[in-house]
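Visitor: I would like a close look at one part of this structure, namely the place where two helices pack together. Could you take me through it slowly, and then on to whatever else can be said about the fold?

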Amino acid sequence: MGYQTLNVDVTDHVAVIRLDRPEALNALSTELLGELAKALKAAQENDKVRCIVLTGSDKAFAAGADIVEMSEKSFADVFMGDIFGAEVGQLMRIRKPIIAAVSGYALGGGCELAMMCDFIIASDTAKFGQPEINLGVIAGLGGTQRLTHAVGKAKSMDMNLTGRFMDAAEAERSGLVSRVVPAKKLMDEAMSAAGKIAEKSMIAVTAVKEAVNASQEVPLSQGLLLERRIFFGLFGTDDQSEGMAAFVDKREAQFRDR
């Protein structure tokens, strides 16, 4: 499938989806988000894909939503059209792991898009922010919610109220990103992580994603019960038998996703 605002490549069971609107610093237009939803759905349905890496350019992961496109819209337009709702819903339905590889600006909708992924690997040039307050609005794709879960109330309030940017080092200290690497090594690091995930049992990988995501939604007691139920359930898979037998035999496991 051809895309106007993305480049997609599948290599060694990893789908790399690169945002490609350089003239707008990868601003999230309706077209881009629509194509991204389609590309993610295609990756989910492709049996050869076991992990997804979402990235942008060296200068910008995504510098925000497309303000030029939104500037003339009314309340009725955005409310009745549920702007971006369908596209975000599609992203959140993806069951395969998604790694955000972020370099340069990840601002507004770009920061929110990165936070929708399962974890973020950032280059040392990355800058995160929710500057919507400067436009007379607030974040609309999770910037007040996911950011607060990730970094806590104080830093989230600071960023959302002042519009200040958080650099990569602070983002790592705050728990927003999993690791920071030199810009030249960003994709190597992301692909290495994706490759390691692709080697695992996809049943177990999917279970991890569901369990960790549930921790953001349910009380601890319910989350712990869910975790144990999933743990018990995995003992009904061939991959559990193979994984534990391989450990005992001191060999590499050969998972078959069943």
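Guide: Helix H1 and helix H4 are roughly parallel to each other, because the angle at which they pack is about 25°, and angles under 35 degrees count as roughly parallel. In this predicted model, H1 covers residues 30-45 and H4 covers residues 85-92, and their axes lie 9 Å apart. The crossing that H1 and H4 make is left-handed. On the H1 side, the residues that take part are Leu33, Gly34, Ala37, Leu40 and Lys41, and they meet Glu87, Gln90 and Leu91 of H4. Sorted by class, this contact of H1 with H4 is made up of four nonpolar, two polar and two charged residues.

Turning from the helix pair to the strands, we find an open sheet formed by four strands in the order S4-S6-S8-S9, with mixed pairing. At its edges are strand S4 (60-62) and strand S9 (165-167), each of which pairs on one side only, and from one strand to the next the twist averages 20°. Strands of a sheet pair through backbone hydrogen bonds, either parallel or antiparallel. Strand S8, residues 127-129, runs antiparallel to S9 and is joined to S9 by three bridges; looking at one residue of this pairing, Gly129 has Phe165 in S9 as its bridge partner. A further helix, H5 (residues 109-116), lies across S4, strand S6 (105-107) and S8, and H5 runs at about 90° to S6.

Definitions and conventions: Residues numbered from 1 in each chain as written. Predicted model: local features only at pLDDT ≥ 70, side-chain atom pairs only at ≥ 80, totals over all residues. Heavy atoms only, no water. Axes fitted to C-alpha atoms, helices over the stretch in contact; angles between N-to-C directions. Helix = DSSP H or I, 4+ residues; strand = E, 2+ residues; numbered from the N terminus. Left-handed = near helix turned anticlockwise from the far one by under 90°. Contact = heavy atoms within 4.5 Å. Nonpolar A, V, L, I, M, F, W, Y, C, P; charged D, E, K, R; others polar. Pairing = 2+ DSSP bridges.
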